[in-house]
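Welcome, and thanks for opening your viewer. Let's take a walk through the structure, picking out one stop at a time.

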Amino acid sequence: MTRVALAALLLLSTSGQPLFAQNRSSSSQEALGWLQKVAAAPRQHNYVGTFVYSSGSEIETSRIVHLVNEEGEQERSEVLDGSPREIVRNNDEMRCYLPDTKTVVTEKRWLRKVFPALLPQPLSNLDDNYIVKMGGVERVSDYLCQVIELEPRDDKRYGQKLWVDTETGLLLKAAVMDKDRVVEQFVFTDLKIGGKIDKELLKSRYAGKAAGWHNTNLVSSTIKSGQLGWQVTDPPPGFKKIIEMKRNLSEKSRPVAHIALSDGLAAVSVFIEPVSKQFTPPAEGLYHSRGAINIYTRTMADNVITTVGEVPPATVMQIGNSVATHKTD
């Protein structure tokens with residue numbers, strides 16, 4: 001996304017009325033029902049497969065093994081291209097192994113989404129921000145899929161196109177759309193749904209070698225709403241705060257404040273940390289990270305405010321610019 005596109009996104013409609021209020025077409029109840037199946041399917045089915053992520057010229061292949069049993073979910077995914085990276089998940093506990101840097105990162109899943117579990121659960125208020133429509137039926141990785149389209153009601157969020165296995169509801173292909181342009185997409189190239197999973201496939205390749213590796217524990221502690229001392233005063237329509245917390249990062253001497261917002265599908269995180277005397281803060285401005293992810297950084301009252309989200313540049317800027325201190329009780 002270029003800064004020229006950013007300027008275009010900031011323009012108001014010619015009528016002076018918010019686009020959000022102009023299009024109130026109803027979503028298909030059948031399509032909304034399919035989305036509930038998509039959100040639930042990863043918690044109901046075993047699967048083993050290979051999927052490809054692509055954005056522009058970037059392509060990355062990953063292998064995933066997913067088991068559901070009486071203990072919940074267990075999963076191992078591994079990037080097969082470039083620098084190796086492995087994520088082992090036991091329900092909401094995640095360990096990411098980075099062998100090139102001999103680093104292990106441990107954290108709660110919180111808002112992190114790993115394909116094909118891209119939809120939050122429970123799903124709510126989607127119809128407020130997206131027009132959800134039924135598409136056709138197409139084959140993906142030899143499975144018959146129902147296509148579901150989510151058209152944004154304004155320019156503050158991207159659209160989505162989902163290909164859903166008609167038997168299980170599992171998401172087999174997903175594309176983030178900026179009007180007719182594909183911003184990024186995931187797709188299974190081979191997949192087996194159901195059947196017994198060999199637990200050996202869920203064991204980390206690196207856990208036995210990682211005893212002396214650097215460990216980063218992204219410990220998070222949720223706090224009562226309004227107690228963080230910071231707030232987002234002017235979020236775009238449809239975005240609401242869903243949680244606020246403090247995160248103790250091993251490299252940081254002080255906790256980092258974290259506010260998470262969502263419109264029911266797209267998530268935006270705001271991180272606030274005091275300016276460090278040891279490290280030079282990043283230059284203020286807008287950064288494009290990967291695919292649909294945009295980052296906006298600014299400094300306020302000797303704090304660095306970093307806003308990250310899978311949303312258009314104007315949206316992370318609006319949220320980042322409306323972060324303000326808030327008097328706590």
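## First stop: Gln74 and its neighbours

Select Gln74 and show what surrounds it: leaving aside residues up to four places away in sequence, Gln74 touches Val65, His66, Leu67, Asn69, Arg89, Asn90, Lys199 and Leu202. Keep in mind as you look that this is a predicted model. Now colour residues 72–79, which make up strand 3, and you will find Gln74 within that strand. Is Gln74 buried or exposed? Its relative accessible area is 19%, and because the cut-off for buried is under 20%, Gln74 counts as buried.

## Second stop: the aromatic rings

Next, show the aromatic side chains. How many aromatic pairs does the structure hold? There are 7 of them. For one of these, select Phe115 and Phe186: the ring centres are 5.2 Å apart and the planes meet at 10°, so this pair is stacked. Planes under 30 degrees apart count as stacked.

Follow the chain from each ring and you will see that the pair links distant parts of it, 71 residues apart. Phe115 belongs to the loop between strand 6 (103–108) and helix 3 (126–129), whereas Phe186 is in strand 11 (residues 181–193). Both of these Phe residues are buried. Now add Phe51, Tyr53 and Phe188 to your selection: together with Phe115 and Phe186 they form one aromatic cluster.

## Third stop: charges over rings

Select Trp34 and Lys37. The charged end of Lys37 sits over the Trp34 ring, 4.4 Å from the ring's centre. Then move to Trp163, where Lys173 lies over the face of the ring, at 4.4 Å from the ring centre.

## Last stop: two hairpins

Colour strand 17 (residues 285–288) and strand 18 (residues 294–300). These strands run antiparallel and are joined by 4 bridges. To see residues facing each other across the two strands, pick Leu286, which stands opposite Tyr296 in strand 18. The two strands form a hairpin with 5 residues between them. Which residue in the turn has a positive phi? Click on Gly291, where phi is about 55°.

Finally, add strand 19 (residues 303–309), which pairs with strand 18 in the antiparallel sense over 7 bridges. Select Thr297 and look across to Thr306, its bridge partner in strand 19. Strand 18 and strand 19 also form a hairpin, with 2 residues between the strands. End your tour at Ala301 in this hairpin, which takes a positive phi near 50°.

Technical notes
Residues are numbered from 1 along each chain as its sequence is written. This is a predicted model: local features need pLDDT of at least 70, side-chain atom pairs count only at pLDDT 80 or more; totals for chains, interfaces and linings use all residues. Side-chain values use heavy atoms; hydrogens and water are left out. Buried means under 20% relative accessible area, exposed over 50%, partly exposed in between (1.4 Å probe, protein chains only). Contact means heavy atoms within 4.5 Å. Rings of Phe, Tyr and Trp (its six-membered ring) pair if their centres lie within 6.5 Å; planes under 30 degrees apart count as stacked, over 60 as edge-to-face and the rest as tilted. A charge sits over a ring if NZ of Lys or CZ of Arg is within 6 Å of the ring centre and within 35 degrees of the ring normal. Two strands pair if DSSP finds at least two bridges between them.
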